[in-house]
Amino acid sequence: MSKQQSRFILNGSLTTFTWMIVLFTIFPIFYMVFASLHSNEDILRGITSFKLVDPKWENYRDMWINIDFFNFFKNSLIICTVTMLLASSFAVMAGYALAKYRFFGSKTLEMGIISTQMIPGIMFLLPIYLMFLGLKEVLGIPMINTYWGMILVYTAFYTPMSIWIMRSFFVAIPNDLEESALIDGCTRFQAFVKVILPLSVPGMIATCIYIFLTAWDELLFAWVLTTSPDVQTIPVGIRLFVGQYQNRYDLLMSAATVVTIPVIITFFLTQKYFIRGMTAGAVKG
């Protein structure tokens, strides 16, 4: 067997293996969409009972009626958007400082930021809950069942990784560009706003997408820290379809489809910025 034939077989095997992984990954999404167009009885009987004819479009109507899904959608949109704006703002400023300046403890701070991602988030659940109760009792500041309570938690959780993403992107921007702006008469802040920020747009888009999608999917803290429908987010609303409404898996699949499709569309529209921002600094810096 020649070297070219061996390479052809290897490439073919890798391609086949890759497609197998892709199909294995996206199969749950296809199953979710098809299941959402079937009755609850068909879903319980299994995939062999699925039919392409007579789709149950009324599942989507019933999903909106049985639970005020629009309210959960609104809550998620408010909490995730404000979290994205706050966390990305902190990440831009801190990431720039860590990338372009060296100060006492900067290396320790960098390692501290990334090491926070090694701690399971569930370990913070009880301390945060007790802290929120203490704020209510001592200072009279309500944090449970409030938008700001969830925004504070999400901002604290997603800022460290966002800082690391932005730091990697700022490191990849040559210092000569900023120095040229300083020579032309710009202040440090003007150079940052007029030179660095426009070049870092892909990184900021990647950071915003990461924050928004991660907050959009979070369930554990939203389930524990919110008990009122006025504040509960989409994952909590979807969870209510199981148990509270006699295990209506048809409505559960419909709700999951409504939530997932916009996220998938958003990702594909912005994937080039997301990939560029996530891989920034992978080689240089």
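A salt bridge is taken here as a side-chain nitrogen of Lys or Arg lying within 4 Å of a carboxyl oxygen of Asp or Glu. In this predicted model, that rule gives a count of two salt bridges. One joins the side chains of Arg61 and Asp62, with an N to O distance of 3.2 Å. The other pairs Arg188 with Glu178, whose closest N and O atoms are 3.3 Å apart. Arg188 belongs to helix H9 (residues 188-199) and Glu178 to helix H8 (residues 175-183), so this contact ties together parts that are ten residues apart in sequence. The two partners also have their own exposure values: Arg188 is partly exposed, at a relative accessible area of 41%, whereas Glu178 is buried, at 4% relative accessibility.

The residues of the Arg61 and Asp62 pair recur in the description of helix H3. Within H3 (residues 58-66), the buried residues include Asp62, together with Asn59, Tyr60 and Met63. Viewed down the helix axis, the buried residues of H3 fall within an arc of 165°, and they therefore line one face of the helix. Arg61 is exposed on the other side of H3, as is Ile65. The salt bridge between Arg61 and Asp62 thus involves one exposed residue and one buried residue.

A nonpolar patch of about 450 Å² is present on the surface, made by Ile119, Ile122, Met123, Phe124 and Leu220. Of these residues, Met123 is located in the loop between helix H5 (106-115) and helix H6 (125-138). Met123 counts as exposed, with a relative accessibility of 55%.

Key: Residues are numbered from 1 along each chain as its sequence is written. This is a predicted model: local features need pLDDT of at least 70, side-chain atom pairs count only at pLDDT 80 or more; totals for chains, interfaces and linings use all residues. Side-chain values use heavy atoms; hydrogens and water are left out. Helices (H or I, at least four residues) and strands (E, at least two) are DSSP runs, numbered from the N terminus. Buried means under 20% relative accessible area, exposed over 50%, partly exposed in between (1.4 Å probe, protein chains only). The arc is that of the directions from the helix axis to the C-beta atoms. Patches are made of residues with over 30% relative accessible area and no salt bridge: like charges are joined within 9 Å, nonpolar side chains (Val, Leu, Ile, Met, Phe, Trp, Tyr) within 5 Å. Accessible areas come from the Shrake-Rupley method with a 1.4 Å probe; for residues, only the protein chains shown count as cover.
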